[in-house]
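Me: Could you take a close look at one part of this model with me, the place where a small molecule sits? I am in my first year, so please explain each term as you go.

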There are 2 protein chains.
Amino acid sequence: MDIENAKIPQATAKRLPLYYRFINNLHSQGKMRVSSKELSEAVKVDSATIRRDFSYFGALGKKGYGYNVEYLLSFFRKTLDQDETTSVALIGVGNLGTAFLNYNFMKNNNTKIEVAFDARDERIGQKVGGVPIKHIDDLEKHMEGISVAILTVPSSAAQGIADRLVEAGISGVLNFTPARITVPSSVRVHHIDLAVELQALVYFLKHYPLDEEEDSQ
Amino acid sequence: MDIENAKIPQATAKRLPLYYRFINNLHSQGKMRVSSKELSEAVKVDSATIRRDFSYFGALGKKGYGYNVEYLLSFFRKTLDQDETTSVALIGVGNLGTAFLNYNFMKNNNTKIEVAFDARDERIGQKVGGVPIKHIDDLEKHMEGISVAILTVPSSAAQGIADRLVEAGISGVLNFTPARITVPSSVRVHHIDLAVELQALVYFLKHYPLDEEEDSQ
DNA sequence: ACGAAAGTGTTAAAGCGTTCACAATCTCGT
DNA sequence: ACGAGATTGTGAACGCTTTAACACTTTCGT
Ligand SMILES: NC(=O)c1ccc[n+]([C@@H]2O[C@H](COP(=O)([O-])OP(=O)(O)OC[C@H]3O[C@@H](n4cnc5c(N)ncnc54)[C@H](O)[C@@H]3O)[C@@H](O)[C@H]2O)c1
Ligand SMILES: NC(=O)c1ccc[n+]([C@@H]2O[C@H](COP(=O)([O-])OP(=O)(O)OC[C@H]3O[C@@H](n4cnc5c(N)ncnc54)[C@H](O)[C@@H]3O)[C@@H](O)[C@H]2O)c1
């Protein structure tokens, strides 16, 4: 909530949305309490890690009891700013872009794709998943209030678009392009490289043999 | 290559496909040599980290010179087993699944989606991106030689399908579902949770202010 | 009303990954 | 043939993350 939040480890911050979603599920199932052990099994994170994560925010639970679901939920809602909505633009309405537009990122989410852009004329003016598609040439005209961009254009176009997004005052970019884009350090970029993820999985399979028993991840 | 590969840190292993792809680009551009500094700027990984990563495989470079692109390429090709192809199945031909099928994962890749499955009758028998779609009921009939599965079904179906995949002898699963699936520890699961990625980016933007100058990531 | 069971919060340690910094080595132009 | 310049490979320090372990607190059934 306050400035002191900067103390929360990045690894913890990345798990918060995961916790939030699961706690939300518990709540709609009418569950009243939950232990770090139960949570651990559901989200596949060590229970000690969960307790540690929660403890950064103070004492959220009760010894011998666990955590009150309703309290946890309202706490996370505040912490993750579930009330304010972040406006998102999507650039590149191709295979991936279309999938994202059709998917409702609003479910339990504080983000909303407000506008999409593409270069192909036949796409312009259409709506996909309720989101209007504008021409990329008009990017600057429709970026008011947009703080995050999802980049699903061909990799050759990525840097050029990124430059324009920066110029238009973007704060964060979720980049699905294989291109590693260069931006000022005031802009945060997260790369999600699906081909690399698949390759890495294959590499791990071949080189890091796993046990032969029991349940895990 | 050999058994000693188990010594390579996981963080390094995850970067290998990234290096490989970029070295491949350099090679097709006819570039003969490259330094860790150049590589660093391109893939946005600290140059010391790159040198350290490479050093796990021995001395791949020459002091005062850098790395020979051709040598590096052939080395990575061997190391990442770019020769053998891994057969992949995709389960759930919806928004995301269709995007993946249309995308050619074979570009510079040692993976190939051989078969897809869905539950909707109208989909069965069609081909998407050249991949035939079978009925999920026939899963077991078409899993011969498949070692990796991409899971893009609704989250409610994820665990059930995962169980059947395990039964059918799967080695690895790339799970795009929000559900955290439970499998024997002999099966490797990588979760890619797109909603969480977006939420995490937003959280970082709000709570981890960045510099106001210069270029970065 | 009590004692066993449950389960947190945290201290301490171990594990992992990144980065610094530089000696050692090689290159290349003159 | 040489010396200035380039660039690697790595020991050591550092910082971040996970995990173990347990004292302490609360619950809850009897
Ligand atoms: N689809 C996948 O499964 C997949 C997997 C891994 C990586 N990727 C990466 O994601 C990106 C998108 O993939 P895709 O399969 O959706 O590609 P795609 O070709 O289907 O879509 C790209 C879209 O961007 C539009 N576009 C092109 N230039 C543009 C510009 N300058 N401004 C605005 N729009 C522009 C095109 O008209 C098209 O609609 C690519 O970089 C690809 O490498 C995709
Ligand atoms: N599309 C996105 O942008 C996005 C983003 C984040 C997460 N996800 C997750 O990815 C998954 C897929 O998303 P989507 O948008 O493609 O959904 P979707 O509904 O478009 O596709 C799901 C597909 O799975 C098929 N299916 C349903 N039950 C099945 C079964 N038992 N066996 C085989 N196939 C079955 C459906 O027929 C459908 O074609 C979901 O779990 C979703 O939460 C998607």
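Reply: Here is a walk around ligand 1, followed by a few words on its surroundings.

First, some ground rules. This is a predicted model, in which local features need pLDDT of at least 70 and side-chain atom pairs count only at pLDDT 80 or more, while totals for chains, interfaces and linings use all residues. Residues are numbered from 1 along each chain as its sequence is written, chains are lettered from A and ligands numbered from 1 in the order in which they are written, and side-chain values use heavy atoms, with hydrogens and water left out.

Let us start with the position. Ligand 1 lies between chains A and B. It has 22 residues around it, where a residue is near a molecule or strand if one of its heavy atoms lies within 4 Å of it. The closest of them are A:Asn95, A:Leu96, A:Asp118, A:Arg120 and A:Val153.

What kinds of residue form this shell? There are 14 nonpolar, six polar and two charged ones. Here Ala, Val, Leu, Ile, Met, Phe, Trp, Tyr, Cys and Pro count as nonpolar, Asp, Glu, Lys and Arg as charged, and the others, Gly among them, as polar.

Next come the helices. Helix H5 (95-102) and helix H6 (155-167) of chain A, along with H5 of chain B, each provide at least two residues of the shell. The biggest share comes from H6(A), with three residues. Helices (H or I, at least four residues) and strands (E, at least two) are DSSP runs, numbered from the N terminus.

Now zoom in on the atoms. A polar contact is a pair of N or O atoms within 3.5 Å; within protein, one must be able to donate a hydrogen and the other to accept it, and residues adjacent in sequence count only if both atoms are side-chain atoms. A polar backbone atom of A:Asn95 is 2.9 Å from an oxygen atom of ligand 1. At A:Ala119, a backbone N or O atom lies 3.4 Å from a nitrogen atom of the ligand. A:Ser155 has a polar backbone atom 3.4 Å from an oxygen atom of ligand 1. Taken alone, ligand 1 exposes 820 Å², and the protein buries 84% of that. Such accessible areas come from the Shrake-Rupley method with a 1.4 Å probe; for residues, only the protein chains shown count as cover.

Look again at H5 of chain B, one of the helices that supply the shell. Six of the eight residues of this helix (residues 95-102) are buried, so it is largely enclosed by the rest of the structure. Buried means under 20% relative accessible area, exposed over 50%, and partly exposed in between (1.4 Å probe, protein chains only). The buried residues of H5(B) are B:Leu96, B:Gly97, B:Thr98, B:Ala99, B:Phe100 and B:Leu101.

Chain A offers another example in A:Thr111, part of strand S4 (residues 111-118). A:Thr111 counts as buried because its relative accessibility is 1%. Leaving out residues up to four places away in sequence, A:Thr111 touches A:Thr85, A:Thr86, A:Val88, A:Phe105, A:Met106, B:Leu198 and B:Val202; contact means heavy atoms within 4.5 Å.

Finally, step back to the whole of chain A. This chain has seven helices and 10 strands. Of its 217 residues, 49% are buried.
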